[in-house]
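Here are my notes, in numbered points, for you to read alongside the coordinates. Have a look at the structure first, then see whether you read it the way I do.

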Amino acid sequence: MGNNIAEEHRGDFPESWAEPFGKALGLRGRPVSRWKWYFIWARRFAAYLSGRSPHLATREDAEGFLSTLSSSPGIGAWQVEQATDALTILLGSVFGQEWARAIRIPAPPPPPDVPLPKGDDPVDHLRYAIRCRRYSVRTEDSYVFWVNRFLAFCREGGIEQDADAVRAFLERLVIAEQMSSATQAQALNALVFHFKHVVGTPFGDLGEFQRSKRPRKLPVVLNRAEVRRLLDAVEDQYRLPTALLYGGGLRLMEALWLRVKDIDLDRRQISVRDGKGQKDRMTVLPERWRERLAAHLVEVRKIHARDMELGYAGTTFWPALERKYPGAPREWAWQYIFPASRLCVDPADGKTRRHHLHETALQRAVRFAARKVDIAKPVGCHTLRHCFATHLLESGADIRTVQELLGHSDVSTTMIYTHVLNRPGLAVHSPEDV
C-alpha cells in the first residue's frame, strides 16, 4: 500500500527518492491522509533549490526555505511545522543528513504591535516567540514562569541546558516538590516550546523519567435542590453568570467571554466561541433566565452608550482583528455580556477600554454562597458544569447530545458522568435495599 500511495503523490519526483520518502513517512507513523501534503512540501523545496538535487541541500537551504514559508501570506505556523517535519524526514531519513534532525523553525514575522527582543535574554526571546504565535496572555505567563524556574535550576546545579537537565528538572518537581501530573505536564509543554522556538534545538525523546501519577477523580455534583439553594444565595450581580454556568454547561471563562452577538434570545441558544481547544459550539440558554438576561442587556447597553459618549475605545479586542475592523470594539454586538464595573487601560495600545467581569470575583461569589447555605461539598464554578451534565443524563438525555453541549472531543470524557450517576449500565442498588 505504501508504494501505491507514494506513486499517487509522487508527481514528477524521481522514483529513486520518492518511494523511500513514502516508506519513511509510514515508518515515522505519519497518517496516510496527510502524505499528500508532505509530498507537496518536498516538491516545493525541490523547486526552491532551482535544479539542485535535494540530497545536496544544506542546512542553510532548508532554513532559508522555511523562512520564506514563514513570511508568506496565508501560510500558518502549523503549515511551517508540517513542512519542517517533511524536510526532516526527507533529508534526515532518506538522504541521511545528520543536521536535518535539528532543523530550526523560524519565528513568524512579528505583527506590528509585537516589540522585537533586545539583547540576549532568553526570556525576552521566549515572549517574542509566544506573541508572534498569538498565544494567550495566560499561556505566556505560564511558559515564562516555568522557563525561568528551569534556567534557575540549571544555574544552581551548574549544568548544561539539555535533555538531561529537562529530565532532572521534571523529576524534581515530582519527587522533591510533590507536584501534580497536570503541573508537571504544564512545565514540560513550556520547555518543549522553549527548546523548539527559542533555543532552536528540540530535545527530542526524554526517555523514561519519574512522572507524577494522574489521579482518577470523580467530579463533585450537587443535587437539583442544592443548585437552587446555591443560585438563590449568590449575590444579585453575580447570579446571572452563575446561572449560565449551570443552565448552559459553560466553563468559567466561556461565560465571561460571552459577547452580545453570542446570545440568541429568540432561539434560546448560546454560541461559545473559541472554547477549549479553540472550538466553537452551541449550547442551550435556559428559559428560566431568558427575561432576566434581556433586562440585563438593556442595562449593559446603557453602560456602553455612556462609554461611547465619553470617547472611550470600547471593549478589549484582538489587535489583529481590530486592525482589520477598526470600529468593531465600539460596536454593540461586540460588547461583553458581563462587563467589568471599572474601565482599564489596555497595555497593548494604552487605550481606555472596558474588559469583562474578573473571574476571581465570580469564583468568590460562588464559594461564599455555598458556605452561606451550608452545602457540605467543595463547590466552585466548574461544579455547576458537572451538575449540568449529570442532571441532563438523569433526565434521559443522550450522552452524545451531552457531549456536544459540553464541547468534549471524546465521548469517553463525558462518560465520567455515568459513574457519578452510578449507572454504568443499569441502576445499581445496595443489597441492603433489596
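1. Start with the sheet. In this predicted model, three strands make an open sheet in the order β1-β2-β3, and the pairing is antiparallel. That leaves β1 and β3 as the edge strands, each with a pairing on one side only.

2. On one side of the sheet, β1 covers residues 263-264 and β2 covers residues 269-272; the two run antiparallel and share 2 bridges. If you want a spot to check by eye, try Asp 264, which sits opposite Gln 269 of β2.

3. The hairpin joining β1 and β2 has 4 residues between the strands. Which residue there has a positive phi? That's Arg 268, with a value near 55°.

4. Now the other pairing. β3, residues 281-284, lines up antiparallel with β2 over 4 bridges. One register point to look at is Ser 271, whose bridge partner in β3 is Met 282.

5. On to helix α11, which spans residues 236-247, 12 residues in total. From first C-alpha to last, α11 reaches 17 Å, close to the 16 Å you'd expect at 1.5 Å a residue.

6. How many residues of α11 are buried? The count is 10 of the 12, so the helix is largely enclosed by the rest of the structure. With buried taken as under 20% relative accessible area, the list runs Tyr 238, Arg 239, Leu 240, Pro 241, Thr 242, Ala 243, Leu 244, Leu 245, Tyr 246 and Gly 247. Do note that Arg 239 is one of the buried ones.

7. After α11 comes Gly 249, and here phi is positive again, near 65°. Put this glycine next to Arg 268 of the hairpin, with its phi near 55°, when you go through the backbone angles.

8. Last, the interior space. The structure holds 1 cavity of 30 Å³ or more, and the volume of the largest cavity is about 100 Å³.

9. What lines the largest cavity? You'll find Val 300, Ile 303, His 304, Asp 307 and Met 308 among the lining residues, along with Gly 314 and Thr 315. Gln 335, Tyr 336, Pro 339 and Arg 354 also belong to the lining. Sorted by class, the lining comes out as 5 nonpolar, 4 polar and 2 charged residues. Asp 307 and Arg 354 are the ones to pick out as charged.

Methods. Residues numbered from 1 in each chain as written. Predicted model: local features only at pLDDT ≥ 70, side-chain atom pairs only at ≥ 80, totals over all residues. Heavy atoms only, no water. 1 Å grid on protein atoms, 1.4 Å probe; cavity = no way out; pocket = protein on both sides within 12 Å on 5 of 7 lines; lining within 4 Å. Points joined across faces, edges and corners; volume = space filled by probe spheres on them. Pairing = 2+ DSSP bridges. Expected span 1.5 Å × (residues − 1). Buried < 20%, exposed > 50% of the residue type's maximum accessible area, 1.4 Å probe, protein only.
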